[in-house]
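Dear colleague,

I am passing on the structure we spoke about, so that you can have it open while you read. My notes on what was found in it follow below.

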Amino acid sequence: MSEPAPSSQSVAFDRAVDFYDQTRGFPPDQAAAIGRLIVEAGGLTSASRTLEIGIGTGRIALLVAPGVGVYVGVDISAPMMSRLRAKQNGERIHLARADATRLPFPAFTFDVVIAVHVFHLIPNWRAALDEVRRTLRPDGRLLHAWTKADPAYQRVWDSWRVALGPEIEQDVGVHWRHYATFLEDSGWQPDGPALTHPYTVAKAPLTLVDDLRARLWSQTWRLTDEQIEIGAAALRRAVEAEFSQPQAVHLFTSRFHARAYRPPDR
Ligand SMILES: C[S@@+](CC[C@H](N)C(=O)[O-])C[C@H]1O[C@@H](n2cnc3c(N)ncnc32)[C@H](O)[C@@H]1O
């Protein structure tokens, strides 16, 4: 790892390092298919020079890096990248501690920039997009991917944010509801179809209340204890209204989406 991160109001994931993989990891039997989806959507080849912004613990990088020419990752969280290093098993990944809004690379460096679950954490996400555009080669693409939760899961999870009011309901950066549209709204052109991979997660809905209290999700990190308790009460009510057996394990279907985009004006 090189260079200290510049100051940033983006959400660094230092505090998530010990539970990120456990709570955000793909089901082991689905991970390879998700890696292939990214390779296909991004048109990645063994010659591709690839950058991932917000590389985290390598959930994506470790799947994709073995199939490309060069894989570089940046993150503002050193602990997340240290965890990636600890998991590496021969995959060649170059890491730098850096902010996506100020990338330490020359113009026209990469064929593909990968961004997975990061734009909602960056207040100045437009500056990050400008940096992606600057560092992409003339025929380069941004590969954007994210997991869309099961509609029932999303309905109940939203309840606590709505209960706490519009300021909390917002994300720091791009709101998750705009993840499918914000790039086109910003002038980026889809390049190829949106690809989707569904997978199933088994979970008792009532355990969502425990997840909120444990502050597993980044939207909870800026809340007071009092706000957490107000949110937890709203979430419990929503879970009990949505599910007839909230303590029983329910199968939720998540959908991993991936799509490539070309920058504006190219
Ligand atoms: C939700 S995690 C996603 C990690 C990985 N892309 C994945 O899908 O598993 C988001 C990561 O982005 C990092 N991050 C947040 N803001 C950033 C920024 N402005 N520049 C670089 N990394 C950032 C966080 O520290 C965290 O490790």
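A residue is called buried when its relative accessible area is under 20%, exposed when that area is over 50%, and partly exposed in between. Please keep in mind throughout that this is a predicted model.

With that cut-off in hand, Thr 57 is a convenient place to begin: its relative accessibility is 0%, and therefore Thr 57 counts as buried. This residue sits in the loop that runs between strand S1 (49–53) and helix H3 (61–64), and its side chain makes a polar contact of 2.6 Å with the side chain of Asp 21. Gly 67, by contrast, counts as partly exposed because its relative accessibility is 41%, and its place is in the loop between H3 and S2. Although Gly 67 and Gly 56 are 11 residues apart along the chain, their C-alpha atoms are separated by 19 Å.

The ligand

There are 23 residues around the ligand, and those that come nearest are Tyr 20, Gly 54, Arg 59, Asp 75 and Ala 100. Sorted by class, this shell consists of 14 nonpolar, five polar and four charged residues. Two of the contacts involve oxygen atoms of the ligand: a polar side-chain atom of Arg 59 lies 2.8 Å from an oxygen atom, and a polar side-chain atom of Asp 75 lies 2.7 Å from an oxygen atom. A nitrogen atom of the ligand, for its part, is 3.4 Å from a polar backbone atom of Ile 76. Taken alone, the ligand would expose 600 Å², of which the protein buries 99%.

The strands and their crossovers

Strand S2 (residues 70–75) and strand S3 (residues 94–97) run parallel and are joined by four bridges; within this pairing, Gly 73 has Leu 95 in S3 as its bridge partner. Between these two strands the chain passes through helix H4 (residues 78–87), and the resulting β-α-β crossover is right-handed.

Strand S4 (110–116) pairs with S1 in the parallel sense over four bridges, and in S4 it is Ala 115 that stands opposite Ile 53. S4 also pairs with strand S5 (residues 136–148), again in the parallel sense, here over six bridges, with Val 113 having Leu 142 in S5 as its bridge partner. To get from S4 to S5 the chain crosses through H5, and this β-α-β crossover is right-handed. As for its surroundings, S4 is mostly covered, since seven of its seven residues are buried.

Two backbone angles to look at

Most residues other than glycine have a negative phi. Which residues have a positive phi although they are not glycine? One of them is Phe 108, with a phi of about 60 degrees, and this residue is found in the loop between S3 and S4. Another is His 117, whose phi is near 50 degrees and whose place is in the loop between S4 and helix H5 (125–135). His 117 counts as partly exposed because its relative accessibility is 25%.

When you go through the model, you might start from the ligand and the side chains of Arg 59 and Asp 75, each of which has a polar atom beside an oxygen atom of the ligand, at 2.8 Å and 2.7 Å respectively.

With best wishes

Conventions. Residues are numbered from 1 along each chain as its sequence is written. This is a predicted model: local features need pLDDT of at least 70, side-chain atom pairs count only at pLDDT 80 or more; totals for chains, interfaces and linings use all residues. Side-chain values use heavy atoms; hydrogens and water are left out. A residue is near a molecule or strand if one of its heavy atoms lies within 4 Å of it. A polar contact is a pair of N or O atoms within 3.5 Å; within protein, one must be able to donate a hydrogen and the other to accept it, and residues adjacent in sequence count only if both atoms are side-chain atoms. Accessible areas come from the Shrake-Rupley method with a 1.4 Å probe; for residues, only the protein chains shown count as cover. Ala, Val, Leu, Ile, Met, Phe, Trp, Tyr, Cys and Pro count as nonpolar, Asp, Glu, Lys and Arg as charged, and the others, Gly among them, as polar. Two strands pair if DSSP finds at least two bridges between them. A crossover is right-handed if, with the strands pointing away from the viewer, the path from the first strand over the helix to the second runs clockwise. Buried means under 20% relative accessible area, exposed over 50%, partly exposed in between (1.4 Å probe, protein chains only).
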